[in-house]
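I have my notebook open and the model loaded. Here is what I looked up, entry by entry.

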Amino acid sequence: MKKVNRALNTIMNTVVAFFLCRSVFYIWDYISNPDAYAMQSSPWYTAMLWLGAYTLGIVVVCSIIKIVIKQRIKKEENTSVK
């Protein structure tokens with residue numbers, strides 16, 4: 001179970017780091033080229049919002065998996081002790 005927990009932590013950390021790095025790039029690009037974003041019908045931060053939603057979804061799914069695994073481990077420990 002430690003390998004699964006480590007893998008989930010790695011996935012979550014990687015996704016969050018990617019989101020942060022990509023967001024910095026979007027902000028930097030908007031600051032350096034505001035005219036390129038003025039032609040779009042949507043705000044400049046729309047791509048960042050979508051990426052944030054995907055990031056949140058992946059983090060929530062990984063967190064739920066971690067919670068389910070911890071509950072199963074506790075349940076197995078409680079049944080083996082009795």
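**Entry: confidence.** I began with pLDDT, the predictor's confidence in each residue, which runs from 0 to 100. This is a predicted model, and I wanted that score in hand before anything else. For the protein, I noted an average pLDDT of 92, with 98% of the residues scoring at least 70. Where is confidence lowest, and where is it highest? I found the lowest mean, 87, in helix α2 (residues 34-38), and the highest, 95, in helix α1 (residues 2-32).

**Entry: helix α1.** Next I checked the length of α1. Its 31 residues should span 45 Å at 1.5 Å a residue, and I found its end C-alpha atoms 45 Å apart, which agrees. I then asked which residues of α1 are buried. My list reads Leu8, Met12, Val15, Ser23, Tyr26 and Asp29.

I also looked at two other positions in this helix. Ala7 is in α1 and counts as partly exposed, at 39% relative accessibility. Ile11 has its place in α1 too, and I logged it as partly exposed, with a relative accessible area of 40%.

**Entry: distances in sequence and in space.** I kept Ala7 and Ile11 for this one. Ala7 and Cys62 are 55 residues apart in sequence, and I got 9.7 Å in space from C-alpha to C-alpha. For Ile11 and Ile67, the separation is 56 residues in sequence and 15 Å in space, again C-alpha to C-alpha.

I tried Thr55 as well, which is found in helix α3. Is Thr55 buried or exposed? I have it down as buried, with a relative accessible area of 8%; the cut-off for that word is under 20%. Thr55 and Lys75 lie 20 residues apart in sequence and 30 Å apart in space, C-alpha to C-alpha.

**Entry: aromatic rings.** How many aromatic pairs does a search of the whole structure find? I counted six. In one of them, the ring centres of Phe25 and Trp28 are 6.0 Å apart and the planes meet at 45°, so I wrote the pair down as tilted. Phe25 and Trp28 are three residues apart in helix α1, so about one helical turn separates them. Phe25 is partly exposed, at 35% relative accessible area, while Trp28 is exposed, at 54%.

I turned to Trp44 and Tyr45 after that. Their ring centres are 5.7 Å apart with the planes at 90°, so this pair is edge-to-face; the label needs planes over 60 degrees apart. I noted Trp44 as partly exposed at 24% relative accessibility, and Tyr45 likewise counts as partly exposed, at 37%. Following the ring pairs further, I found that they link Tyr30, Tyr37, Trp44 and Tyr45 into a cluster.

**Entry: a nonpolar patch.** Last, I went over the surface. Which residues make the nonpolar patch of about 340 Å²? I wrote down Leu56, Val60, Ile64 and Val68. I picked Val60 for a closer look: this residue is found in helix α3 (residues 46-81). Val60 is partly exposed, with a relative accessible area of 39%. A patch residue needs over 30% relative accessible area, so the 39% of Val60 fits.

Conventions:
Residues are numbered from 1 along each chain as its sequence is written. This is a predicted model: local features need pLDDT of at least 70, side-chain atom pairs count only at pLDDT 80 or more; totals for chains, interfaces and linings use all residues. Side-chain values use heavy atoms; hydrogens and water are left out. Helices (H or I, at least four residues) and strands (E, at least two) are DSSP runs, numbered from the N terminus. Patches are made of residues with over 30% relative accessible area and no salt bridge: like charges are joined within 9 Å, nonpolar side chains (Val, Leu, Ile, Met, Phe, Trp, Tyr) within 5 Å. Accessible areas come from the Shrake-Rupley method with a 1.4 Å probe; for residues, only the protein chains shown count as cover. A salt bridge is a side-chain nitrogen of Lys or Arg within 4 Å of a carboxyl oxygen of Asp or Glu. Buried means under 20% relative accessible area, exposed over 50%, partly exposed in between (1.4 Å probe, protein chains only). Rings of Phe, Tyr and Trp (its six-membered ring) pair if their centres lie within 6.5 Å; planes under 30 degrees apart count as stacked, over 60 as edge-to-face and the rest as tilted. The expected span of a helix is 1.5 Å times one less than its number of residues.
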